[in-house]
Amino acid sequence: MTTSLRKIVLALAAASGAVVASGAYAADTAPIAGQWDAVLTDNGPEVPFRLDISGAGPTLRGTFYDGFRPYETTTSASFRDGKLVLESEHYLTTISATLNGGKLVGETTLQGPGYGIKYGFRAVRHVDAPVAAATNVPAVAGNWVIPLDTPSSKGEKAFRFIVEQRGAELAASILRIDGDTGAFSGRFANGKWLLSHFDGHRPGVIEVSANPDGTLNVVAHYEALAKALRGNESGYSEGGYDATPRYTAYRSDVAVAKGLPQPDDFNTHTTVANANETFKFAFPDNDGKIVTQDDPRF
């Protein structure tokens with residue numbers, strides 16, 4: 001091989017390597033960042049949610065939303081050879097998907113106390129599009145009370161229902177004494193709001209519609225959780241878990257005027273038998289050393 005021919009071969013090889021490297025880099029970073037319209041599928045009602053992906057390589061991360069606001073970020077994320085993996089380790093949640101034709105398709109797995117739930121997953125890039133103004137949108141923002149037909153497992157006789165409204169868009173959450181559902185969000189269409197929530201966990205859908213008498217109909221969809229609880233070790237049973245509870249919500253002042261049961265006071269729901277008695281405890285720290293109330297730090 002002549003010197004000139006050898007130089008040409010080496011140049012072509014170098015160029016080919018550069019193209020491969022460049023292509024690998026592009027597949028690993030550039031195409032995945034941005035806003036995505038995602039949905040959990042194949043397990044009860046579909047659960048739409050917003051997913052923002054930012055960064056690249058070691059800084060790659062996903063951001064989930066709670067209602068109108070960014071809320072949770074992934075604890076680890078990777079995108080290699082067209083395959084995306086998002087981990088929320090504190091929720092024991094994993095999203096695994098493949099980018100193909102500009103779409104992400106894969107699955108989502110979630111774990112809870114003694115149960116696991118698996119969904120299909122798909123996402124497309126978010127595109128801002130003109131949204132036709134919804135007509136005859138009821139004004140429902142504010143605080144509501146949901147009286148319960150039977151007391152909850154914590155003895156509650158009513159839940160709080162908190163609603164934030166931005167025109168035709170709504171974010172709403174059901175508050176119990178032991179926590180909340182997260183903020184479901186969505187837009188008014190066909191006479192009702194179809195709201196959904198997924199912040200890395202707590203996936204769900206609720207339907208909200210306004211009645212002529214000023215009350216709200218609220219239908220929650222927990223079919224996937226009810227199915228996962230069947231035969232699990234969480235202490236619940238599907239038979240004792242209403243997969244689609246239906247509620248009627250009243251404005252807070254109306255509920256008071258009607259003498260309806262009120263939500264429990266968070267500050268008084270848990271009390272001590274003797275406020276003058278020393279609170280005693282003993283637990284291991286990160287190094288396995290037992291810590292008690294007698295530790296000098298306390």
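Threonine 41 has its place in strand S1. In this predicted model, threonine 41 has a relative accessibility of 6% and therefore counts as buried, the limit being under 20%. Leaving aside residues up to four places away in sequence, threonine 41 touches Glu46, Tyr119, Gly120, Phe121 and Arg122.

Just after it in the sequence comes aspartate 42, which is found in the loop between S1 and S2. Is aspartate 42 buried or exposed? Aspartate 42 is exposed, with a relative accessible area of 67%. Its backbone also deserves attention: phi of aspartate 42 is positive, at about 65 degrees, although the residue is not a glycine. As background, most residues other than glycine have a negative phi.

A second residue of this kind is asparagine 136, whose phi is near 55 degrees, again a positive value in a residue other than glycine. Asparagine 136 sits in the loop between S9 and strand S10, the latter covering residues 142-147. With a relative accessible area of 71%, asparagine 136 is exposed.

Allow me now to turn to the protein as a whole. The protein contains 4 helices and 20 strands. Of its 298 residues, 34% are buried. Among contacts between residues at least 6 apart in sequence, 43% join residues at least 24 apart.

I come next to the sheet that includes S1. It is an open sheet of 9 strands, paired antiparallel, and the order is S4-S3-S2-S1-S9-S8-S7-S6-S5. Which strands stand at the edges? They are strand S4, residues 69-73, and strand S5, residues 76-80; each has a single partner strand, so one side of each is left without a neighbour in the sheet. On average, and with direction ignored, neighbouring strands of this sheet are turned by 25 degrees against each other. In general terms, the strands of a sheet pair through backbone hydrogen bonds.

One pairing within this sheet may serve as an example. Strand S8, residues 103-112, and strand S9, residues 115-125, pair in the antiparallel sense over 10 bridges. Glycine 112 has tyrosine 115, in S9, as its bridge partner.

Another residue of the sheet is leucine 51, which lies in strand S2. Leucine 51 has a relative accessibility of 0% and so counts as buried. Which residues does leucine 51 touch, not counting residues up to four places away in sequence? They are Gly34, Gln35, Trp36, Ala38, Gly62, Thr63, Phe64, Leu86 and Phe121. For one of these, phenylalanine 64, the C-alpha atom is separated from that of leucine 51 by 5.4 Å, while the two residues are 13 apart along the chain.

Let us move on to the second largest pocket, whose volume is about 890 Å³. There are 25 residues in the lining, and those closest to the centre of the pocket are Asp37, Arg50, Glu169, Ser185 and Gly186. Several elements give two or more residues to this lining: strands S1 (34-41), S2 (47-54), S3 (61-66), S12 (169-176), S14 (184-189) and S15 (192-197). Which of them gives the most? That is S15, with 4 residues. By residue type, the lining divides into 11 nonpolar, 7 polar and 7 charged residues.

The last region I wish to present is centred on strand S17, residues 216-221. Of the 6 residues in S17, 5 are buried, so this strand is largely enclosed by the rest of the structure. S17 runs antiparallel to strand S16, residues 204-210, and 6 bridges join the two. S16 and S17 form a hairpin with 5 residues between them, and in the turn glycine 214 has a positive phi of about 90 degrees.

S17 is also joined by 4 bridges to strand S18, residues 246-251, and these two strands likewise run antiparallel. Asparagine 217 illustrates both pairings. In S17, asparagine 217 stands opposite serine 209. In S18, the bridge partner of asparagine 217 is threonine 248.

To close, I return to the start of the talk. Threonine 41, in strand S1, is buried, whereas aspartate 42, in the loop between S1 and S2, is exposed.

Notes. Residues numbered from 1 in each chain as written. Predicted model: local features only at pLDDT ≥ 70, side-chain atom pairs only at ≥ 80, totals over all residues. Heavy atoms only, no water. 1 Å grid on protein atoms, 1.4 Å probe; cavity = no way out; pocket = protein on both sides within 12 Å on 5 of 7 lines; lining within 4 Å. Points joined across faces, edges and corners; volume = space filled by probe spheres on them. Nonpolar A, V, L, I, M, F, W, Y, C, P; charged D, E, K, R; others polar. Pairing = 2+ DSSP bridges. Axes fitted to C-alpha atoms, helices over the stretch in contact; angles between N-to-C directions. Buried < 20%, exposed > 50% of the residue type's maximum accessible area, 1.4 Å probe, protein only. Contact = heavy atoms within 4.5 Å.
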